[in-house]
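This report describes selected features of a molecular structure for a reader who is beginning the subject. The sequence and the structure are shown first, and the description follows.

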Amino acid sequence: MNKHKITDNMKTAADMKIGEKARIEDIDNSHPSSHRLMEIGFTPGQEIEMLNKTLFNDPISFSIRGSIIAIRKNEAASIKI
Amino acid sequence: MKEQTTVNKTPLIAITGQPNTGKTTLFNQLSGKKFKTVNYPGSTVEYSVSKILSKYAVNANILDSPGIISLLPVSPDEELSVQTLFNHPEYGTPDIIAVTVDASQLSRNLYLVRQLINSGFNVVVILTMLDLLHKKGFDISDKKLSEILKCDVVKVNSMTGEGIDNFLTSVNKSIQQLGKMSENNSVKKNYPLSRENLLKSYTEIEQIEKDVIFAANIPENINETDLVKINKELVVLNSPGSFQKPDEFTLKLDKIVLHKFWGLIIFFLTMLLMFTSVFYIAAPAMDLVNEAFSFLSESASELLGDNWYGNLLSQGIISGVGSVLVFLPQILILFLILSLLEDSGFLARGAMIIDKPLSKLGLNGKSFVPMLSGFACAIPAMMATRTITNKKERMLTIFIIPLMSCSARLPVYALLIAFLIPKEDALTGGLTLTLIYIFSIVSSLVIASVVNKFSKSFLRTSDNSSFILELPAYRKPKLASSITSMFSNAKQYVVKAGPVILYLSVILWVLTYLPNYDPVVNETGRSEDEIVMLKNSERIATSYASEIGHFIEPVMKPLGMDWRVGVALIATFAAREVFVSSLMVIFKVTDTGEDNQNSLLSAMQNATFENTEIKIFTPATTAGLIVFFVFALQCLSTVAISKKETGGWKIPLMQIVTFTFIAYISAFITVNGLRFFGVE
């Protein structure tokens, strides 16, 4: 079993509200973007803040490591908080 | 052999770094903007290569390439950037890699730096964006960082050039060592690929970050124990991780720019402002170019007289060059505005705002910038799609880019609108043009979604559709660097499309001038002017072009066009802007004192089907022509780039067939629909 798999009952970055802060617990390995997300700085232990949602609540922008990164909702859903 | 070349050649410094770290600004500083762009063999990715300015007294070449996030590429542009770093087929492996590092986002940038160092490159770290770091209330110790990374670290303000001397000193030192070094310091791809290695690397980087970043207003030459002490105090003074907060001003402005409602309003207003200013600023310049070439053509004709070479020069070559240059003002202005918007940080937000709607159509937020560039010229636009990670989305973006109303269509629309609507009524004319643009955008999106629906058979790929984009801190754009970018984009266009258009103008001239170059006409009782006119029309009626035109006339008839418009349309399949100049050649617009456009307009008004009184150019047929130009892919250079960028003939051929078919059918419907409703 993939120990980094996210199950339904876990809270993810996609569930955050604007202005909410959280610490990253894990990144879902099964998501195809997971490696790039980690490379760009979304690593376990980092604090993220949800900054903005656009018209359709997708993509979402986060503050991470002093940068602002916009990612799609389904990518945010691979970030467990 | 290999050793010899490495000893003798001019050292090569490659500048790399994450996107938005001031890489290109630095490159411009070092090169003095006197660079040439080179292709990566086998692709169309362009790199800027230059010698370092002589005032810096360093003998080395510098190479700029698109930004990368890590050495593990996910998009075509990243892949080529990485390949270039490891081994450029022409320039070899760079002797020195200068990595720009945004000091205000240190950890994310150090990730790439460490990959490069671990791969065995000779790295110099250039700390940029120090003003943003200072704004946060922090500073960075370059000495400390240099000790930890075991490579040179310099602070450079890429905007003012402050600190560039230190960089060059470091480069000079490295170059001197190059000679002494043997061949065995080879670089190899050696960087963490596994999740464990990646996380380990970041853990180490976080420690480095703690060691080198300190609260500002503290002298930099403090000793180590002081720094540790200060860092401890910092934890008390500032909430932990306040260094990790993005730029304050950017956060505030984003609340408006990315607002669900206001963001959308700002987005559309910006686009509207951009396009209207392009037209209004470019219009006088375009008129000027038009008039200048009319004058040249006229003078050449007068000077050389009515013979084949005079005719070739004035009708073939001069009007050919003129038709290339007439849309240059528009391209320049559009690329200038795009570059200013990009540097300010707005385009990244635009891409984010429009990602969702575009993804519904099978495109990507990252298709946004290429599509915008497509309004200037499809060639740089198709190259700009390389930032799109997903292959299918990238192919679809390339597929619809020719539908963006590029500036080459503008002279055509301008002529046809001038024919439909009197010049005095500028408002209706402008409105019509806006409608054409909106029509072309809407239909391109419709076509994208239809192609996306049926794409399984020809765009088969199961890539991950992804949108991960850094939203850079808002910055005041620098006009000088935008002007550089504007010229390099416009150059691509003139260099690639220009010669094609010129050759075609000459070929077209040949086709309309031969074989009956000196027709015999009845001269008795006619004035000299009349004889010239008569000779012209006799010559064209018996020319090769006429033969071709008559051959395709059955296809043109349903559109209400005769063979002459057919010939002009055939010519436009090479490049659409040829339309105006080929109409001039075919209708033998010889000057009567007016400028070319006005004399062409009157020639069009008088044109009738041969041996009849039926007018060719009516409101219905003119509208049909406009619709034809909205869809038809009439640009050889675009086809060539499309083939290169998509890696085969499949997509360019599909584009030609689909767009020609749609163009013909819609033009047919427009002409006959209008006629049905009583518009002639």
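Is the crossing of α18(B) and α19(B) left-handed or right-handed? In this predicted model, the crossing of these two helices is right-handed.

## Two helices in contact

Helix α18 of chain B covers residues 409–420, and helix α19 of chain B covers residues 426–453. Their axes come within 11 Å and cross at roughly 135°. Because of this angle, α18(B) is oblique to α19(B); an angle must be over 145 degrees to count as roughly antiparallel.

From α18(B), the residues that make the contact are Leu410(B), Tyr413(B) and Ile417(B). From α19(B), they are Gly429(B), Thr432(B), Leu433(B), Ile436(B) and Tyr437(B). When these residues are sorted by class, the contact of α18(B) with α19(B) has 6 nonpolar and 2 polar residues, and no charged residues.

## Aromatic rings

Over all chains, the structure holds 13 aromatic pairs. One of these involves Tyr437(B), paired with Phe375(B): the ring centres are 6.0 Å apart and the planes stand at 20°, so the pair is stacked. The limit for a stacked pair is an angle under 30 degrees.

Which parts of the chain does this pair link? Phe375(B) lies in the loop between α15 (368–374) and α16 (378–384) of chain B, whereas Tyr437(B) belongs to helix α19 of chain B. The two residues are 62 residues apart, and the pair thus links distant parts of the chain. Tyr437(B) also takes part in the contact between α18(B) and α19(B), as named above.

Both partners can be placed by their accessibility. Phe375(B) has a relative accessible area of 6% and is therefore buried. Tyr437(B), at 7% relative accessibility, counts as buried. The cut-off for a buried residue is a relative accessible area under 20%.

Another aromatic pair is formed by Phe628(B) and Phe629(B), with 6.3 Å from centre to centre and 75° between the planes. This pair is edge-to-face, and both Phe628(B) and Phe629(B) are buried. In addition, Phe267(B), Phe268(B) and Phe368(B) form one aromatic cluster.

## Chain B as a whole

The secondary structure of chain B comprises 28 helices and 10 strands. Chain B has 680 residues, of which 55% count as buried. Among contacts in chain B with a separation of 6 or more, 74% are between residues 24 or more positions apart.

## Backbone details in loops

Two residues of chain B, neither of them glycine, have a positive phi value. The table sets out their values and positions.

| Residue | Phi | Loop of chain B | Relative accessible area |
|---|---|---|---|
| Asn20(B) | near 65° | between β1 (12–17) and α2 (23–31) | 39% |
| Lys150(B) | near 60° | between α6 (142–149) and β8 (152–155) | 73% |

Is Lys150(B) buried or exposed? With a relative accessible area of 73%, Lys150(B) is exposed, because the cut-off for an exposed residue is over 50%. Asn20(B), at 39%, is partly exposed.

Chain A offers a further backbone detail. What kind of peptide bond joins Asp58(A) and Pro59(A)? The bond is a cis peptide bond, with omega at about -5°. Pro59(A) is located in the loop between β3 (47–53) and β4 (60–64) of chain A.

Conventions: Residues numbered from 1 in each chain as written. Chains lettered and ligands numbered in written order. Predicted model: local features only at pLDDT ≥ 70, side-chain atom pairs only at ≥ 80, totals over all residues. Heavy atoms only, no water. Axes fitted to C-alpha atoms, helices over the stretch in contact; angles between N-to-C directions. Helix = DSSP H or I, 4+ residues; strand = E, 2+ residues; numbered from the N terminus. Parallel < 35°, antiparallel > 145°, perpendicular 65-115°, else oblique. Left-handed = near helix turned anticlockwise from the far one by under 90°. Contact = heavy atoms within 4.5 Å. Nonpolar A, V, L, I, M, F, W, Y, C, P; charged D, E, K, R; others polar. Phe/Tyr/Trp six-rings, centres within 6.5 Å; stacked < 30°, edge-to-face > 60°. Buried < 20%, exposed > 50% of the residue type's maximum accessible area, 1.4 Å probe, protein only.
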